[in-house]
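Here is a short tour of a structure, written to be read with the model open beside it. Feel free to rotate along as you go.

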Protein chains: 2
Amino acid sequence: MSSLKELSKLLGVSISTVSKALNDAKDISENTKIRVRELAEAMNYQPNKMGAGLRNKKSKTIGVIIPDILNSFFAEVLFGIEKKCSQKGYDTLVCISNELSKNEAEKVRLLKSGSVDGFLISLAAQTLKKGDITHIKSNIDPQKLVLFDRLSDQINCDKVGVDDQKITYQVTKQLIEKGYKKIAFISSIHHLSLGKQRRKGYLKALNEFSIPNENTLELSLESRATMHKYLNDWVQKNRIDAVIAADNSSGIMFQNCLLTQNSRKAKKVMVIGFSNDKNALLTFPKMNYIDQNAGLIGEKAAELLIKRLESETKNLPFVDVKIDAKVIFFE
Amino acid sequence: MSSLKELSKLLGVSISTVSKALNDAKDISENTKIRVRELAEAMNYQPNKMGAGLRNKKSKTIGVIIPDILNSFFAEVLFGIEKKCSQKGYDTLVCISNELSKNEAEKVRLLKSGSVDGFLISLAAQTLKKGDITHIKSNIDPQKLVLFDRLSDQINCDKVGVDDQKITYQVTKQLIEKGYKKIAFISSIHHLSLGKQRRKGYLKALNEFSIPNENTLELSLESRATMHKYLNDWVQKNRIDAVIAADNSSGIMFQNCLLTQNSRKAKKVMVIGFSNDKNALLTFPKMNYIDQNAGLIGEKAAELLIKRLESETKNLPFVDVKIDAKVIFFE
DNA sequence: TTGTATGCGTTATCAT
DNA sequence: ATGATAACGCATACAA
């Protein structure tokens, strides 16, 4: 790789002249600038990140820690992060915690080795469960940290999340306004706070329209195996006209379940899944779904972090952004 | 962040002594080593990657360029890469080309700024289509490059791919041996070399068992919209007992299609999709599928690269590894 | 307008 | 056994 030194030798000028010329400093003659730039171009010169980083105490690199890359939600968030960082001239160093606190702590340690300017983290399930976030708090300056999706009240920093309650509230409301009478809510994640919030929003909407709870139906299904059996029985017995699924899988399973029913009525049930573009494409007929805008979450998180990193005025107040989901209706 | 300098001051020894002690050099007394290590531990000292990198001309970072993170295949490969790199003490700098040559070239340029020791690349669709790989060839030393999945004959370097023909050959053979008589092959990617290879393998197996081609059925379906219509007609008319799908989507769509059929016979058709664990879980009943072992592809690619980067003897012959797929039968 | 000197954090070589 | 010094590539304060 060519360096400033090399260029300076070939041009017969000093290293600092070359450096200044490339940085378009005002105390360098237009003539030299042109000569320098031309050679740099010809030599395919690329500034060495480590040299610059060492000097500026900035690596122009952002460390990302996600719990699970195989979860398409996080893959999509990562897409948004990479997009925004790339736009702003930052590299993204990606780490995966595999939902384990121990890994998370280890990744933080690694990334802290002077190699990243800031952190974008979605906390591991284990970390949230244990409620122990010391490995984050005691190692990362909150001015250099943005949490997304998996947040913690124990950390005071910028946060980007989704308003789970609002999402299902809005969808339920929309369905009611469209004239659906018996709207069910199915979920295989009742035990997660995520599932609870989504259920809350659903109930809130029903309540607002004075739809009695006894007309609503809920299923708590732990295992995939029992799920389908329950669903089959349930679909047979009840005469629902719409279903909101609280998670990725239950919606799709429910729809597949409907397909195995012979009754026309059953097939006409409005199903709303919780998904994203990729998974939605796999169902037929295309399932209506709530898209969490995962990409936007990533973009927003990256934007907030970079803004703070590059801001002159320190100690801006921390913000807590909620990204709105969108509902995609095919019917 | 604490530095060697800081530690040396606190301990009253020189910077080089601290450095050597931490690197367990043999010319440092055991006593000092202990003192140094203890303080380093207490101060939570982490060596600065950029300092070390500048000095050693090594960043211990690997640049990864994938065409599409939203494709679960690549997400899975990335998982394998991160796993292996992490094991070996390397960070992974992730870039996404979005299937565009221009982006690919730009990412190569960025990563080359002294920040990565080597490259793991899966070529963009556009690059393969155009057949122009100068942005790779003229910028990356093949000793620091491993291509995976999306390969090119024009580049002489380590490669990790899948033997697409072999996969469908083996599966078809297995089905024949299990007694299936009329095995169909459906695909929505006939136009891709990938699709062609998979079809070849299928035909090869039929041929080997002298199963006439006229007994086989093939569908070329371009759009999702027409696909289902064709499939419906086709399933009605033909009495196939097994189907091998050449791609992610067609298998799932086919299975959903079967579910809408009333005939018992139709429902008993053996369907084999081309998928991975994540997507397979979304179908009911669980669909049999060919798993490409994407994670292994990533791990192997990373392993090859790191091996080469750390090898004393340069110019080892390039290898061309094929990762075997596995078939998951639920029925 | 250009050049010199310094330091970022690390390690390796060469004194002491 | 320990320390002083130089160098990696870059940017900048300061000198010329």
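## The surface near DNA strand C

In this predicted model, the residues of the surface near DNA strand C comprise 12 polar, nine nonpolar and four charged ones. In total, 25 residues surround the strand, and A:Ser16, B:Leu4, B:Asn48, B:Gly51 and B:Arg55 are the closest.

Both chains take part in this surface. Chain A brings helix 2 (15-22) and helix 4 (49-56), while chain B brings helix 1 (4-11), helix 2 (15-22) and helix 4 (49-56), each of these supplying at least two residues. Helix 4 of chain B gives the largest share, with five residues.

## Helix 2 of chain B

Helix 2 of chain B, one of the helices that supply the surface near DNA strand C, also has a buried side to look at. Its residues B:Thr17, B:Val18 and B:Ala21 are buried. Looking down the helix axis, you will find the buried residues within an arc of 100°, so they line one face of the helix.

What do these buried residues of helix 2 of chain B pack against? Their partners are helix 1 and helix 3 (30-42) of chain B. Just after helix 2 of chain B comes B:Asp24, with a positive phi of about 55°.

## Helix 1 against helix 2 in chain A

Now turn to chain A. Two packed helices are described by the angle between their axes and the distance between the axes. For helix 1 (residues 4-11) and helix 2 of chain A, the axes come within 8 Å and cross at roughly 105°. An angle of 65 to 115 degrees counts as roughly perpendicular, and helix 1 and helix 2 of chain A are therefore roughly perpendicular to each other.

From helix 1 of chain A, the contact uses A:Leu4, A:Lys5, A:Leu7, A:Ser8 and A:Leu11, which meet A:Ile15, A:Thr17, A:Val18 and A:Ser19 of helix 2 of chain A. Sorted by character, the residues of this contact are five nonpolar, three polar and one charged.

## Two aspartates with positive phi

A:Asp24 has a phi near 55°, a positive value in a residue other than glycine. You can find A:Asp24 in the loop between helix 2 and helix 3 (30-42) of chain A. Is A:Asp24 buried or exposed? A:Asp24 is exposed, as 9 other C-beta atoms lie within 10 Å.

B:Asp149 is another non-glycine residue with a positive phi, near 60°. Its place is the loop between strand 4 (145-148) and strand 5 (158-162) of chain B. B:Asp149 counts as buried because it has 23 C-beta neighbours inside 10 Å.

How values were computed
Residues are numbered from 1 along each chain as its sequence is written. Chains are lettered from A and ligands numbered from 1 in the order in which they are written. This is a predicted model: local features need pLDDT of at least 70, side-chain atom pairs count only at pLDDT 80 or more; totals for chains, interfaces and linings use all residues. A residue is near a molecule or strand if its C-beta atom, placed from the backbone, lies within 6 Å of it. Helices (H or I, at least four residues) and strands (E, at least two) are DSSP runs, numbered from the N terminus. Ala, Val, Leu, Ile, Met, Phe, Trp, Tyr, Cys and Pro count as nonpolar, Asp, Glu, Lys and Arg as charged, and the others, Gly among them, as polar. A residue is buried if 20 or more other C-beta atoms lie within 10 Å of its own, exposed if 12 or fewer, and partly exposed in between; C-beta atoms are placed from the backbone. The arc is that of the directions from the helix axis to the C-beta atoms. Two residues are in contact if their C-beta atoms, placed from the backbone, lie within 7 Å. Axes are lines fitted to C-alpha atoms, for helices over the stretch in contact, and angles run from 0 to 180 degrees between N-to-C directions. Angles under 35 degrees count as roughly parallel, over 145 as roughly antiparallel, 65 to 115 as roughly perpendicular and the rest as oblique.
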